[in-house]
Amino acid sequence: MAQDAIALLEADHHRVEELFRDYKSAGDPAARLHLAQVICMELTLHAMVEEEIFYPAFAAATGDQQMLEHALKEHQEVKDLIARVPSAENLDGAIEAIKQHTLHHVEEERRGMFAKARASGMELATLGGRIATRRAEVADAIQAA
Ligand SMILES: [Fe+2]
Ligand SMILES: [Fe+2]
């Protein structure tokens with residue numbers, strides 16, 4: 001059964017919050033490096049489906065261009081931080097910066113955009129189906145690479 005778009009995006013948020021906790025409790029450097037890669041991949045995939053599918057639908061339904069642009073700006077900040085991870089001398093610091101930005105952004109989505117989206121009568125089930133399909137497609141492509 002198709003889940004609604006917000007439920008899917010929130011499941012991503014929870015998964016990544018969990019990964020940040022795993023990173024913090026991981027003992028050895030190899031485990032941390034692996035978790036850092038998983039975090040960056042999950043965040044990249046999540047931002048992609050939001051930008052391709054959810055954000056445009058939100059903007060079309062609500063006309064809230066300002067909220068959209070603010071969210072895109074925060075995505076860009078996280079992408080810039082992710083881009084620096086491979087060459088980071090201090091991986092813990094790099095992941096901590098990504099975590100702070102991400103938790104802030106997720107909180108804003110929850111209180112702002114998602115609340116407004118629910119109130120707008122958007123087709124959340126249809127969008128959820130599109131998000132799930134696109135997510136699986138790209139995840140497969142990454143696995144195959
Ligand atoms: Fe986002
Ligand atoms: Fe999000």
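Which residues of α1 are buried? In this predicted model, the buried set in α1 comprises Ala 5, Ile 6, Leu 8, Leu 9, Glu 10, Asp 12, His 13, Val 16, Glu 17, Leu 19, Phe 20 and Tyr 23. The cover over these buried residues includes α2 (29-62), α4 (91-120) and α5 (124-144).

The helix itself is a pleasingly regular place to start. Spanning residues 5-25, α1 counts 21 residues, and the distance from its first C-alpha to its last is 31 Å, close to the 30 Å expected at 1.5 Å a residue. At the N-terminal end of α1, Asp 4 acts as a cap, with a side-chain oxygen 2.8 Å from the backbone nitrogen of Ile 6.

One of the buried residues of α1, His 13, leads on to the metal site. The iron ion (ligand 2) has as its protein donors His 13 (NE2), His 46 (NE2), Glu 50 (OE) and Glu 109 (OE), at 2.1 to 2.2 Å. Along the sequence, these donor residues follow the spacing H-x32-H-x3-E-x58-E. The arrangement is irregular because the four donor atoms around the iron ion (ligand 2) subtend angles of 82 to 172°. For reference, ideal angles at a metal are 109.5 degrees for four tetrahedral donors.

A second metal sits alongside: the iron ion (ligand 1) is 3.3 Å from the iron ion (ligand 2), and Glu 50 coordinates both. Since His 13 belongs to helix α1 and Glu 50 to helix α2, the pair ties together parts that are 37 residues apart in sequence. His 13 and Glu 50 are both buried.

Key. Residues numbered from 1 in each chain as written. Chains lettered and ligands numbered in written order. Predicted model: local features only at pLDDT ≥ 70, side-chain atom pairs only at ≥ 80, totals over all residues. Heavy atoms only, no water. Helix = DSSP H or I, 4+ residues; strand = E, 2+ residues; numbered from the N terminus. Expected span 1.5 Å × (residues − 1). Buried < 20%, exposed > 50% of the residue type's maximum accessible area, 1.4 Å probe, protein only. Contact = heavy atoms within 4.5 Å. Polar contact = N/O pair within 3.5 Å; in protein donor to acceptor, adjacent residues only side chain to side chain. Donors = N, O, S within 2.8 Å, 3.2 Å for Na, K, Ca; no water. Tetrahedral: all angles 85-135°; square planar, octahedral: opposite > 155°, others 65-115°.
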